[in-house]
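Student: Could you take me through the cysteines in this one? I'd like a close look at how they pair up, and at the ones left over.

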Amino acid sequence: MSRCARGAQSPALPGAAPESRPGNLGLRLWDPLLVGRQDGELLASGSADTCGHCGCTGDPCGVLAWCPRAPVCGCAQLLPTMPPYISAFQAAYIGIEVLIALVSVPGNVLVIWAVKVNQALRDATFCFIVSLAVADVAVGALVIPLAILINIGPQTYFHTCLMVACPVLILTQSSILALLAIAVDRYLRVKIPLRYKTVVTQRRAAVAIAGCWILSLVVGLTPMFGWNNLSEVEQAWIANGSVGEPVIKCEFEKVISMEYMVYFNFFVWVLPPLLLMVLIYLEVFYLIRKQLNKKVSASSGDPQKYYGKELKIAKSLALILFLFALSWLPLHILNCITLFCPTCQKPSILIYIAIFLTHGNSAMNPIVYAFRIHKFRVTFLKIWNDHFRCQPKPPIDEDIPEEKADD
């Protein structure tokens, strides 16, 4: 069976109309006798030969094997173009992503469930935690599957690929803003403990949560409004003699502009919240230490109790800040390298580790923000016994002392 080199034009057919390419659809034309042929190979079979030559159009990317007389040859059915196989490295990547999703989704669903069943968990603080949990559930249930799809790299229209990439930006931005809202809430609890409940009401908390999600939509959908790589892709598409909307191998960096990721996403919407959280938690440390010193001097007979609680709070706040920085900075640093040093080689393993960290942060959050809170621990235990072990526990005491809830 003969082959046709990529880039070669198919010969003119006797009596055939001039070839009019409809644009690369990211699809290959299919004949029942031609299944399994590779992109760029000459399509020739018994059925094709009966009507003349049915060959490739010289698509340089090997995306289409298009027959100008496909309806006559029986090649008219369109099938999606997918990679012929998944490598062992991709399989390992998919396995780790699935594992992260299997931890993230149930863990964050449990957080939402706990707030639903326990009235004591329905104040403003836990509203922010629920918002964070919702975003993290979506990361595990939507972002990770889409990330796996992008990793496989199907051939698709440019804007279709862009739509697949944007939910990652929306939900990760929502998680960052939720973390910032929790940090601000913790600061207000320490700064104005007596007026906290009058200042931070459930209504105001709901408005803040809605604002975070609206802002996340604006930031995450900005590439859909034009800040993307369409112009560069179109130039290459037209240079190859193709018409219509460009079809590409769907990859994040092919559709999302690095200028957007670095100058707008990182320098405006990731780095400033990180620095602000550092300042907030430093101030929280200072205020807590100041209050503890007063309490220690007032009750010098038992200073260990106060220092013990100071240590617990310090560990929690340090862990929150450390995990946030550990999860998000590596990927954005790699994006900066891509933008400012295009010739620099980035090992694939570092890119995958950075992606795992950003997704894994959603699995960590239930542990950091929920399991260290006594009210959540009690509620989790009740849910486990009532619904999984079928051993109902006594009703939850909804009047747990506030100092115990912060342990």
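Tutor: Searching the whole structure, which is a predicted model, turns up two disulfides. Let's start with C161 and C250, whose sulfur atoms sit 2.1 Å apart. This pair ties together distant parts of the chain, 89 residues apart: C161 belongs to helix 5 (residues 158–191), while C250 lies in the loop between strand 4 (247–249) and helix 9 (252–255). The link is right-handed, with 90° about the S-S bond, and both C161 and C250 are buried.

Now for the other one, which joins C341 to C344 with an S to S distance of 1.6 Å. Its torsion about the S-S bond is about 70°, so this disulfide is right-handed too. Neither end of it is buried, though: C341 has 22% relative accessibility, so it counts as partly exposed, and C344, at 34%, is partly exposed as well.

That brings us to the leftovers. Why doesn't C166 bond to the closest cysteine sulfur? Because that sulfur, in C161, is 9.7 Å away, too far for a bond; the cut-off for a disulfide is 2.5 Å. C166 is buried, because its relative accessibility is just 1%. C212 has a relative accessible area of 16%, so it also falls on the buried side, given that buried means under 20%.

Notes
Residues are numbered from 1 along each chain as its sequence is written. This is a predicted model: local features need pLDDT of at least 70, side-chain atom pairs count only at pLDDT 80 or more; totals for chains, interfaces and linings use all residues. Side-chain values use heavy atoms; hydrogens and water are left out. Helices (H or I, at least four residues) and strands (E, at least two) are DSSP runs, numbered from the N terminus. Buried means under 20% relative accessible area, exposed over 50%, partly exposed in between (1.4 Å probe, protein chains only).
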